[in-house]
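Open the model in your viewer and set the display to cartoon with side chains available. This tour tells you what to select at each stop and what is there.

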Amino acid sequence: MSPPPPQRGRHSPPALDDDSMSEIFLRIPPDDPKSLVRAAAVCPTWHRILSDAAFARGYRAFHRAPPMLGFLHNKRHERPWGRGWRRRHEEYLVSNFVSTASFRPPACHERRHWPAMDSRHGLVLFHTPKRCEDFVICDLVTYDRWRIKADPACRRIIWNGRFDEDWGEYDDEDEDVTWNAAVLCAKDGCDHLYCHGGPFLVALVGSVRGRQMTFASVYSSATRKWSGMISVKEPNVIEMTGHNAVVGNKVYFPCEQSDSVLEYDMGEQKLSVIRAPFAGLVGAEGGLLVFATVLKPRLHIWLMEVRVRPDRTTALARRRSIELAPKLSAYALLDVSVVGFAEGVGVIFLSTKAGLYTVELSSGRIKSMDREPSLGKIMPYMCFYTREWGRLPTSD
């Protein structure tokens, strides 16, 4: 016989039904996924509520924007190899993932020659020049990976160095060729709250200084093919370490000239160069391009419409400033620059001599993130973590 149910005390509060518990769980902050995992492990009832697909959809809709679970950046390393006159020093990039929540992705440990290029819609784009493929796309939550080889026409852009047959390696890259790439979800009608497992696109653009030409192509995971290469006669040069932005089916890449941005319309297969504020492109928010720069001691942000006028200019929608002093020390303000933007949560990353900081655009709050000075491009990883919680005991 099963034991009788426990007796409730005279003044015990009434038990909460599933709907009430679901409302409580909805309010668990999405940037602390460990809390959901722990709650799911308490008992089968809570596990059933949290594992329900309807709850997961409601949880994402309630919080509206995916949280920032961490960010990626690249470090340059150097190591000697060989002996005597053959001794060389090899420089290479290592991608690093820094968690900003209780999320530790085992799929993203440090790897040599795996520089991260972009992060969007729960996906990370890595350039993998020392492997048989050219790019690897990773979903850090599901651990899924996709390996991509560049189209022969694209390889002329990304393999812009000269191959040394004696050493079996590529020499320094050709400074006349620059390129950049972006990854984005391609699921029809997706709200980009939970893009796992869906089709994706990789947009690749490059430019050649001497020829004053800019090229572009896009890879589709649905067809596993690259589109035909398109080009435009344009003296502006793609910035290799710049941030990109996505609005609809258009991808925007900054040019080395800070007042120009390349627009790649993947649907129409068209390239355009538009004028922009003197600040750097950092991302997009609400269908507007976001530009930011620091003019000490203030952070200036521009939100710009993406509709191109006949004179190749766009209208500034809004501009605002945030005072950085005295929130940042005088030492930090000696050398400060904008290095990243977390879309949806409105957070700007600042690299300073005193370390890495974030600035919340809504409140102006400044928070220290890392003590390492002068970090380069920051790529936030934005994603809901609502995967299966695993097996639990069968009794309360």
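Is E360 buried, partly exposed or exposed? Select E360 and show its surface. The model is a predicted one, and in it E360 has a relative accessible area of 27%. E360 is therefore partly exposed, since that class lies between under 20% for buried and over 50% for exposed.

**Stop 1: the partner of E360**

Keep E360 on screen and add R365. These two residues form a salt bridge. Their closest N and O atoms are 3.9 Å apart.

**Stop 2: strand β25**

Now select residues 355-360, which make up β25. Colour this strand by burial. Of its 6 residues, 5 are buried, so β25 is mostly covered.

**Stop 3: the sheet around β25**

Widen the selection to the whole sheet. Here 4 strands run in the order β23-β24-β25-β26. The sheet is open, and its pairing is antiparallel. Look at the edges next. One edge strand is β23, residues 336-342, and the other is β26, residues 366-370. Each of them pairs on one side only. Turn the view to compare strand directions. On average, neighbouring strands in this sheet are turned by 30 degrees against each other, direction ignored.

**Stop 4: β24 against β25**

Select residues 347-352 for β24 and keep β25 in view. The two strands pair in the antiparallel sense over 6 bridges. They form a hairpin, with 2 residues between them. Pick out two residue pairs across it. F349 stands opposite T358 of β25. I348 has V359 in β25 as its bridge partner.

**Stop 5: β25 against β26**

Move to the other side of β25. β25 and β26 also pair in the antiparallel sense, here over 4 bridges. Select L356 and then D370: D370, in β26, is the bridge partner of L356. This hairpin has 5 residues between its strands. Select G364 in the hairpin. G364 takes a positive phi near 80 degrees.

**Stop 6: more salt bridges**

How many salt bridges does a search of the whole structure find? The search finds 5. The E360 pair has been visited already, so go on to two others.

Select E133 and R147. Their side chains meet in a salt bridge, at 3.8 Å from N to O. E133 lies in the loop between β5 (123-127) and β6 (135-139), while R147 is in strand β7 (residues 145-148), so the pair ties together parts that are 14 residues apart in sequence. Now check the accessibility of each partner. E133 is buried, at a relative accessible area of 3%. R147 is partly exposed, at 47% relative accessibility.

Next, select E23 and R27. They form a salt bridge whose closest N and O atoms are 3.1 Å apart. R27 counts as partly exposed at 48% relative accessibility. E23 counts as partly exposed too, at 41%.

**Stop 7: V251**

Finish in strand β16, residues 250-254, where V251 has its place. Is V251 buried or exposed? V251 is buried, with a relative accessible area of 0%.

Show what surrounds V251. Leaving aside neighbours within four places in sequence, V251 is in contact with A182, L184, A203, A245, V246, L262, E263, Y264 and M266. Select Y264 from that list and draw a C-alpha to C-alpha distance. V251 and Y264 are 5.2 Å apart in space by that line, and 13 residues apart in sequence.

Terms used:
Residues numbered from 1 in each chain as written. Predicted model: local features only at pLDDT ≥ 70, side-chain atom pairs only at ≥ 80, totals over all residues. Heavy atoms only, no water. Pairing = 2+ DSSP bridges. Axes fitted to C-alpha atoms, helices over the stretch in contact; angles between N-to-C directions. Salt bridge = Lys/Arg side-chain N within 4 Å of Asp/Glu carboxyl O. Buried < 20%, exposed > 50% of the residue type's maximum accessible area, 1.4 Å probe, protein only. Contact = heavy atoms within 4.5 Å.
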